[in-house]
Amino acid sequence: MRLSSLPIATQKEAPADAEIISHKLMLRAGLIRKLAAGIYSWLPLGLRVVRNVERIVREEMNRAGGLEVILPSVHPGALWHETGRWDIYGPELLRFKDRHDREFCYGPTHEEVMTDIARRELRSYRQLPVIFYQIQTKFRDEIRPRFGVMRAREFVMKDAYSFHIDDASLQETYQVMYEAYSRIFERTGLRFRSVMADSGAIGGDVSHEFHVLADSGEDAIVFSNGSDYAANIEATPAPVPEGHRPAPGATMEKIATPDTHTIEEVSAMLNVPASACAKTLFVCGHEKDTVVALIIRGDHELNAIKAAKLPEVADPLQMANTAQIRKIANSNPGSVGPVGLQCKVYADHSAAHLSDFVCGANEDGFHLRNVNWVRDLPEAATADLRNVIAGDASPDGSGTLEIARGIEVGHIFGLGTKYSAPMKATVLDRTGKNVAMPMGCYGIGVTRIVAAAIEQNHDEGGIIWPTAIAPFQIVIVALNLQKSAKLREAAEALYQRLSSQGYDVLFDDRDARPGVKFADCELLGIPVRLVIGERGLDAGTIECRGRRDSDNENIAMAALDDYLRKKLQITS
């Protein structure tokens, strides 16, 4: 591609609403343009990156035995009613009706549609196992789309679904897909980690997430420093305190705490550590108009996924509003506590191990000090309700936990018969009996990978693309091209030669100052930059620089092919 033929200009500044580096750089480099909230157009350079990611995904899916299909993005509501997800999926499901008043939705995922294909086409165990996959646009009506394509409403996803005669076959394919995903992310050149995860709205008993490691990641991933244990923080069990709870050491007393509402403020006023305080959080119950109190230690955070699994708690988790809190605790949030509550109370294991702790007095502007379970309030039901923290013991008993930030780019699930049973997707087994097919589900956020790659690979100049997914491998920068016919001929000849050798080459043939061209090279992040000028042309050399390098190299024209093969890690 000749840069002079690209009518899309780079930008020096990103729009004010661009929050994270990938969003800023993708807009500045002209990879995407915003159409509406969470909806983006992919422009030529950005689409080349997307296509490179798709190529790697497609090759590895085919290698794993996947069969590519393309399914409708608009789904009849009747299919979603069969699984019950029409009512429980939530407002992210974009619902609408056609002119005949029939219900439809724009697909956020394709379990129902793919299961419908399976129940129509698969009849016998002899046809199993089978893996169908597609690379297609999805839409999820995010309440707050943000971070550009990282959390967009419309996005490109690879989703695959496998069908089996039994759980043993599902486990085999699950492992095949785990290995395929690992190869995909290795080939994209990204630093990643696979972790055990919660299945969320998709369902199933077993799942793993694949995270690109980046400081800007929204997800906290946990790993042991003494083993290969790794999991999403939502799925990591917290250790239960050892030994007996300390005996009470002082009498409970009520203390005035005006204008203090947070654990930090209470801790500072009473000169006690946050770990000696108890937080009381109220959530909506499973039954209408009920409230459940959750008690966690002051220095811990509630794990919403764990809390939503409690039998009395509504799923998904919903915090109680101020009116509900006042009705049950007779005070506003900030002064609530577990003493005297007339509702179901759960305490996290660490909170249940506290003695002489501080909590709200259920009276505005007051807290209680030296509170003890049994003596001052009934023993609560206990559960694992908190997020783990760095230094906690690893759940596998080896080492302690460390926490890093990650961007989820892939997720695989063992679904079992969650969809095939209600949709009656059955086949005849070896004995002639009709059985529901266990399923697996395997997703990759194709467009999210593009943003995650930038979050992980950038500097103050711009993007640094991993070679495998870069829009071009090489950019040729010709200096003062319009002033020298000899230089124009040499630059054109180099462009044609490298292109004929199979390289993806971007030729900056614009009539622009050298500084502008170099700045755009940095911004666009092409792996190798070749600068051709009259001085080098006379000397028979060319200035070469890798995007990650700090210095230029003058390479003899005769040695350029070897340099490029080595720099781009091309093997014959």
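# Close-up views of a predicted model

**View 1. Leu94 and its surroundings.** With a relative accessible area of 30%, Leu94 is partly exposed. Keep in mind for this and every view below that the model is predicted. Leu94 sits in strand S5, which covers residues 94–97. Together with Val74 and Phe96, Leu94 makes up a nonpolar patch on the surface, and the three share about 210 Å² of accessible area.

**View 2. Strand S6 pairs with both S4 and S5.** On one pairing, strand S4 (residues 74–76) and strand S6 (residues 103–106) run antiparallel and are joined by 3 bridges. On the other, S5 and S6 also run antiparallel, with 4 bridges between them. Look for Tyr106 in S6: Val74 stands opposite this tyrosine, and so does Leu94. S5 and S6 form a hairpin with 5 residues in between, and Asp101 in that turn has a positive phi of about 65°.

**View 3. Two cis peptide bonds, each leading into a proline.** The bond from Leu128 to Pro129 is cis, with omega near 0°. Pro129 belongs to the loop that runs between helix H5 (111–121) and strand S7 (130–139). The bond from Asp315 to Pro316 is cis as well, and here omega is near 5°. Pro316 lies in the loop between helix H8 (304–308) and H9.

**View 4. Both ends of helix H9.** At the start of H9 (residues 322–329), Asn321 reaches over with a side-chain oxygen that comes within 3.2 Å of the backbone nitrogen of Ala323. Just after the helix there is another asparagine to look at: Asn330 takes a positive phi of about 60°.

**View 5. Positive phi at Phe147 and Asp356.** Phe147 is not a glycine, yet its phi is a positive value near 65°. Phe147 sits in the loop between S7 and strand S8 (154–163), and is buried at a relative accessible area of 12%. Asp356, not a glycine either, has a positive phi of about 50°. Its loop runs between helix H10 (349–352) and strand S17 (357–360). With a relative accessible area of 23%, Asp356 counts as partly exposed.

**View 6. An open, mixed sheet of 5 strands.** Follow the strands across in the order S27-S26-S28-S29-S30. Strand S27 (505–508) and strand S30 (553–556) are the edges, each pairing on one side only. On average, neighbouring strands here are turned by 30° against each other, direction ignored. Zoom in on S27 and strand S26 (residues 474–478), and you find a parallel pairing over 4 bridges. One pair to pick out is Ile476 with its bridge partner Phe507 in S27.

**View 7. A salt bridge within helix H2, between Arg63 and Glu60.** The two side chains meet at 3.5 Å, N to O. Both residues belong to H2 (residues 44–63) and are 3 residues apart, about one turn of the helix. Their surroundings contrast: Arg63 counts as exposed at 56% relative accessibility, while Glu60 is buried at 3%.

**View 8. A salt bridge linking distant parts of the chain, Arg369 to Glu253.** The closest N and O atoms of Arg369 and Glu253 are 3.4 Å apart. Arg369 is in strand S18 (residues 366–371) and Glu253 in strand S13 (residues 253–256), with the two 116 residues apart. Arg369 is partly exposed at 26% relative accessibility, and Glu253 is partly exposed too, at 34%.

**View 9. Asp562 and Arg565, and a salt-bridge network elsewhere.** In the salt bridge between Asp562 and Arg565, the closest N and O atoms are 2.3 Å apart. The pair is separated by about one helical turn, because the two residues are 3 residues apart in helix H15 (residues 560–567). Asp562 counts as partly exposed at 49% relative accessibility, as does Arg565 at 35%. Elsewhere, salt bridges that share partners tie Glu59, Glu60, Arg63, Arg183 and Arg187 into one network. The structure as a whole holds 39 salt bridges.

Terms used
Residues are numbered from 1 along each chain as its sequence is written. This is a predicted model: local features need pLDDT of at least 70, side-chain atom pairs count only at pLDDT 80 or more; totals for chains, interfaces and linings use all residues. Side-chain values use heavy atoms; hydrogens and water are left out. Patches are made of residues with over 30% relative accessible area and no salt bridge: like charges are joined within 9 Å, nonpolar side chains (Val, Leu, Ile, Met, Phe, Trp, Tyr) within 5 Å. Accessible areas come from the Shrake-Rupley method with a 1.4 Å probe; for residues, only the protein chains shown count as cover. A salt bridge is a side-chain nitrogen of Lys or Arg within 4 Å of a carboxyl oxygen of Asp or Glu. Buried means under 20% relative accessible area, exposed over 50%, partly exposed in between (1.4 Å probe, protein chains only). A polar contact is a pair of N or O atoms within 3.5 Å; within protein, one must be able to donate a hydrogen and the other to accept it, and residues adjacent in sequence count only if both atoms are side-chain atoms. Two strands pair if DSSP finds at least two bridges between them. Axes are lines fitted to C-alpha atoms, for helices over the stretch in contact, and angles run from 0 to 180 degrees between N-to-C directions.
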